[in-house]
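Me: I am new to this one. Please show it to me, and then let me ask how the labels are earned.

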Amino acid sequence: LFDDLPKKNVVTWTSLMSGYIQSSEPMVAIRVFSEMLEDGTYPTNYTLGVVLHACTLLLSVKLGEQLHGFIVKYQVEDDTSIGNALSCLYSKCRSLDSAVKAFSRTGDKNVISWTTAISACGDNGDSVMGLSLFTEMLYDGIEPNEYTFTSVLKVCCFMQAMGVGAQVHSLSIKLGYQNNI
């Protein structure tokens, strides 16, 4: 069906990539991205996020770094969704420094940005940095969600910081998440 389209645009290419990812074929999605570029179609930030997700599923830091170079070249590294996807990719590939750098370069950090960075710290063994980021997030006025609280409580468990964990749990109850955590 895709091959029969008279004119392909970024939406059709991105839809095809998303379909391959949904079908657990991230490598095919990467190949489609290459074909799209060869066809002269410029990706949107959403498209880049889809391809970064494929790299994450493949745990391919090498492909991710190549795509990151493309992202830097086209000056979209500070986009929130791109920064979140980069941070997630590097975290899953066990590169905490790169995950934190991607987070720090993100322009308008939202609760997803902060939660991704906190989770990256927990998943990669730097619980102190995770708690520090949580504190900074609160200081910046970003309200945590249930995913944030889950990540922070996980960090507290790793640190065996039960007192801090109790405070975080109290805050989650205060904000109405008592049934979600």
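Reply: What follows is a run of short questions and answers about this predicted model.

Me: What makes up the secondary structure of the chain, helices or strands?

Reply: Helices. The chain has 10 helices and 0 strands. Read from the N terminus, the elements go α-α-α-α-α-α-α-α-α-α.

Me: What are the spans of the C-alpha trace?

Reply: Along the principal axes, the trace spans about 60 × 30 × 25 Å. The chain has 181 residues, and 44% of them count as buried. The exposed area is about 9900 Å², with 53% of that area supplied by carbon and sulfur atoms.

Me: What share of the contacts joins residues 24 or more positions apart?

Reply: Of the contacts with a separation of 6 or more, 59% are between such residues.

Me: Where do the charges stand?

Reply: There are 12 positive and 18 negative side chains. The centres of the two sets are 4 Å apart.

Me: How many disulfides does a search of the whole structure find?

Reply: The search finds 0 disulfides. Take Cys121. The nearest cysteine sulfur belongs to Cys156 and is 13 Å away. A disulfide needs the two sulfur atoms within 2.5 Å, so Cys121 is in no disulfide.

Me: Why is Cys157 not bonded to Cys156?

Reply: The sulfur of Cys156 is the closest cysteine sulfur to that of Cys157, at 7.1 Å. The cut-off is 2.5 Å. Therefore the two are too far apart for a bond.

Me: Why is Cys121 called buried?

Reply: Buried means under 20% relative accessible area. Cys121 has 0% relative accessibility, so Cys121 counts as buried.

Me: How many aromatic pairs are there in the whole structure?

Reply: A search finds 6 aromatic pairs. One of them is Phe70 with Tyr74. Phe33, Tyr42, Phe70 and Tyr74 form one aromatic cluster.

Me: Why is the pair of Phe70 and Tyr74 called tilted?

Reply: Start with the distance. The ring centres of Phe70 and Tyr74 are 4.7 Å apart, and a pair needs centres within 6.5 Å. Next comes the angle. The planes are at 45°. Stacked needs under 30 degrees and edge-to-face needs over 60, so this pair is tilted.

Me: Which labels do Phe70 and Tyr74 get, buried or partly exposed?

Reply: Phe70 has a relative accessible area of 17%, so Phe70 is buried. Tyr74 has 36%, so Tyr74 is partly exposed. The limits are 20% and 50%.

Me: What makes the pair of Phe103 and Trp114 edge-to-face?

Reply: Their ring centres are 4.9 Å apart and their planes are at 70°. Planes over 60 degrees apart count as edge-to-face, so the label fits Phe103 and Trp114. The pair links distant parts of the chain. Phe103 is in helix H6 (residues 96-105) and Trp114 in helix H7 (residues 111-123), 11 residues apart.

Me: How do you know that Phe103 and Trp114 are buried?

Reply: The relative accessible area is 5% for Phe103 and 2% for Trp114. Buried means under 20%, so both labels hold.

Me: What about Gly122 in helix H7, and why is Gly122 called buried?

Reply: Gly122 has 8% relative accessibility, which is under 20%, so Gly122 counts as buried. Leaving aside neighbours within four places in sequence, Gly122 is in contact with Val155 and Phe158. Gly122 and Val152 are 30 residues apart in sequence, yet their C-alpha atoms are 8.0 Å apart in space.

Definitions and conventions
Residues are numbered from 1 along each chain as its sequence is written. This is a predicted model: local features need pLDDT of at least 70, side-chain atom pairs count only at pLDDT 80 or more; totals for chains, interfaces and linings use all residues. Side-chain values use heavy atoms; hydrogens and water are left out. Helices (H or I, at least four residues) and strands (E, at least two) are DSSP runs, numbered from the N terminus. Buried means under 20% relative accessible area, exposed over 50%, partly exposed in between (1.4 Å probe, protein chains only). Contact means heavy atoms within 4.5 Å. Accessible areas come from the Shrake-Rupley method with a 1.4 Å probe; for residues, only the protein chains shown count as cover. Lys and Arg count as positive and Asp and Glu as negative; His and the chain ends are not counted. The place of a charge is taken as NZ of Lys, CZ of Arg, CG of Asp or CD of Glu.
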